[in-house]
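Dear colleague,

Please find below the structure that I am handing over to you. My notes on it follow directly after.

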Amino acid sequence: MAGGPRAKALQNALLRYRILAYATGVFLLLLTLHIVLQGFQMRDTGESWFSNEGMSAIVPGSGHLIPMVHGWLYLIYVIVAIDLWMRTRLPLGGTVLVVLAGTIPVMSFVAERWVTRRVQPMIGAVVEKKAVKARS
């Protein structure tokens, strides 16, 4: 899809957002699984919730790695979502919900679809406007 530097910038911003939305969503699901496993282990061991291994019982070291990776990915997700908002001027309330979607399991996937449905027509409009300008 051609359309000049503005269309290319929007496409790249959307691509960055989509990649971060999926990565954040996957690590949030892993974090949720880790916490649920800690709850089940708490019932068996009788120890406090966070002193249980969680995912580390299955994949050594993942109990520390998963929350840390999700935290960093979420931080980058917020920056990328704000960058996309600044380029597209999507509704502010919707953008706040998109940012918060990175903290609720599965919602980042829903937010990604919402954002993509709104930004792709914007990219198409920029490309079409550029094509009309080139013809005249």
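**Overall architecture**

The chain has four helices and zero strands as its secondary structure. Please bear in mind that this is a predicted model. Read from the N terminus, the order of elements is α-α-α-α. The radius of gyration is 20 Å, well over the 14 Å that the globule rule gives for 136 residues, so the chain is more spread out than a compact globule. Along the principal axes, the C-alpha atoms occupy a box of roughly 75 × 25 × 20 Å.

Of the 136 residues in the chain, 36% are buried. Considering contacts between residues at least 6 apart in sequence, 69% of them link residues at least 24 apart. The exposed surface of the chain amounts to about 8200 Å², and carbon and sulfur atoms account for 71% of that area. As regards charge, the chain carries 14 positive and 6 negative charges, and the mean positions of these two sets lie 24 Å apart.

**Nonpolar cores**

The largest nonpolar core comprises 24 residues, of which Tyr 17, Tyr 77, Leu 84, Val 98, Val 115 and Val 119 touch the most other members. At least two residues of this core come from each of helix H1 (4-45), H2, helix H3 (92-100) and helix H4 (107-135). A second core, separate from that one, has five residues, including Leu 28, Leu 31, Leu 37 and Ile 66.

Which residues does Tyr 17 touch, if those up to four places away in sequence are not counted? They are Tyr 77, Val 80, Ala 81, Leu 84, Val 98, Ala 111, Glu 112 and Val 115.

**Individual residues in the helices**

Asp 83 belongs to helix H2, which covers residues 62-88. With a relative accessible area of 22%, Asp 83 is partly exposed, as the cut-off for a buried residue is under 20%. Beyond its neighbours within four places in sequence, Asp 83 makes contact with Ala 13 and Arg 16. Ala 131 stands 48 residues away from Asp 83 along the chain, and the C-alpha atoms of the two are separated by 26 Å.

Gln 38 is located in helix H1. Is Gln 38 buried or exposed? Its relative accessible area is 4%, and Gln 38 is therefore buried. Neighbours within four places in sequence aside, the contacts of Gln 38 are Trp 49, Phe 50, Asn 52, Glu 53 and Gly 54.

**Two loop residues with positive phi**

Most residues other than glycine have a negative phi. Two loop positions may therefore merit your attention against that background.

Arg 89 is not a glycine, yet has a positive phi of about 55°. Arg 89 sits in the loop between H2 and H3. Its relative accessibility is 55%, so Arg 89 counts as exposed.

Val 106, likewise not a glycine, has a positive phi of about 75°. The loop that holds Val 106 is the one between H3 and H4. Val 106 is partly exposed, as its relative accessible area is 43%.

With kind regards

How values were computed. Residues numbered from 1 in each chain as written. Predicted model: local features only at pLDDT ≥ 70, side-chain atom pairs only at ≥ 80, totals over all residues. Heavy atoms only, no water. Rg over C-alpha atoms; globule rule 2.2 N^0.38 Å. Buried < 20%, exposed > 50% of the residue type's maximum accessible area, 1.4 Å probe, protein only. Contact = heavy atoms within 4.5 Å. Areas by Shrake-Rupley, 256 points an atom, 1.4 Å probe, with all protein chains shown as cover. Lys, Arg positive; Asp, Glu negative; His and termini not counted. Charge placed at Lys NZ, Arg CZ, Asp CG, Glu CD. Core = buried A, V, L, I, M, F, W, Y, C linked by side-chain atoms within 4.5 Å.
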